[in-house]
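Visitor: I should like to learn how to read a metal site and charged pairs in a model. Could you guide me through them in turn?

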Amino acid sequence: MPLNLPERRPLIAPSLLSADFSQLQREVQAVESAGADLLHLDVMDGLFVPNLTFGPPVISAIRKHTSLPFDVHLMIVQPERYLQEFAKAGADLICVHAEATPHLHSAVTTIKKLGKLAGVSLNPHTPLEVLDYLLEELDFVLIMSVNPGFGGQKFIPQVLRKIEGLKERIVKRGLSLLIEVDGGINEETAPLVISAGADILVAGTAVFGRSDYASAISALRSPRQV
Ligand code: DX5
Ligand code: ZN
């Protein structure tokens, strides 16, 4: 059975990419006690994106140190090759890039068959139309607001129109899938994406780059009150 996410919005998903990789257990437990809702895990293959990170062994090693849901963002070509391994390693949400496979529907179906929440991610230049025949199947869509591959990049403001367009489609079709936004999210950009319709905010630098994780997370959750 796929997990139930907390009802509150927005959900905050710190991205482990900006954590201290020599202290993963400590970092994961620190964001959990600081109020994170999910842990965002960026898997990169050096091919789909020009960077390399980690894979299933690291994910299963940290799985035993936290009860946070694991939100696995696969930036790898032909992600269908590894879906089962990521599910087994402890992923709760799995998203694949529309640009990374010619078999998007099949990848999404496999994720759901594995009992996980299924998402598709779109690079900044990929139009929403690629999801027109798939939207009903999805639990979430991850809108990239930077070019994937690295933390600490600047938010691309044109993506706000895309978030709004996706929100409109969801409302029009009476769907309940969630909108996740990833890249350049901080106290300034969080209110913009929230009012455009974002449900889940991914933040690497704006959480792990701060000394106080709890105040960083609450600043993203309710940006205007801080
Ligand atoms: C980028 C990753 C992001 C990254 C975000 O390819 O998908 O999840 O960690 O980092 P910030 O929040 O620093 O832009
Ligand atoms: Zn990501």
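Guide: We shall take the metal site and then the salt bridges of this predicted model.

Visitor: Which residues are the protein donors of the zinc ion (ligand 2)?

Guide: His40 (NE2), Asp42 (OD), His73 (ND1) and Asp182 (OD) serve as its protein donors, at 2.0 to 2.3 Å from the ion. Along the chain, the donors of the zinc ion (ligand 2) are spaced as H-x1-D-x30-H-x108-D. Because His73 belongs to strand β3 (residues 70–75) and Asp182 to strand β7 (residues 178–182), this pair ties together parts 109 residues apart in sequence. Both His73 and Asp182 are buried.

Visitor: Why is the arrangement around the zinc ion (ligand 2) octahedral?

Guide: Six donor atoms count as octahedral if opposite donors are over 155 degrees apart and all others between 65 and 115. Here the six donor atoms subtend angles of 71 to 169 degrees, so the arrangement is octahedral.

Visitor: How many salt bridges does the count come to?

Guide: Side chains of opposite charge can pair when their charged atoms come close. In this model the count is 10 salt bridges. One of them joins Arg8 and Asp37 at 2.6 Å, N to O. Arg8 sits in the segment before β1 (11–14) and Asp37 in the loop between α1 (24–33) and β2 (39–44), 29 residues apart.

Visitor: Is Asp37 buried or exposed?

Guide: Asp37 counts as buried because its relative accessibility is 5%, under the 20% cut-off. Its partner Arg8, at 42%, counts as partly exposed.

Key
Residues numbered from 1 in each chain as written. Chains lettered and ligands numbered in written order. Predicted model: local features only at pLDDT ≥ 70, side-chain atom pairs only at ≥ 80, totals over all residues. Heavy atoms only, no water. Donors = N, O, S within 2.8 Å, 3.2 Å for Na, K, Ca; no water. Tetrahedral: all angles 85-135°; square planar, octahedral: opposite > 155°, others 65-115°. Helix = DSSP H or I, 4+ residues; strand = E, 2+ residues; numbered from the N terminus. Buried < 20%, exposed > 50% of the residue type's maximum accessible area, 1.4 Å probe, protein only. Salt bridge = Lys/Arg side-chain N within 4 Å of Asp/Glu carboxyl O.
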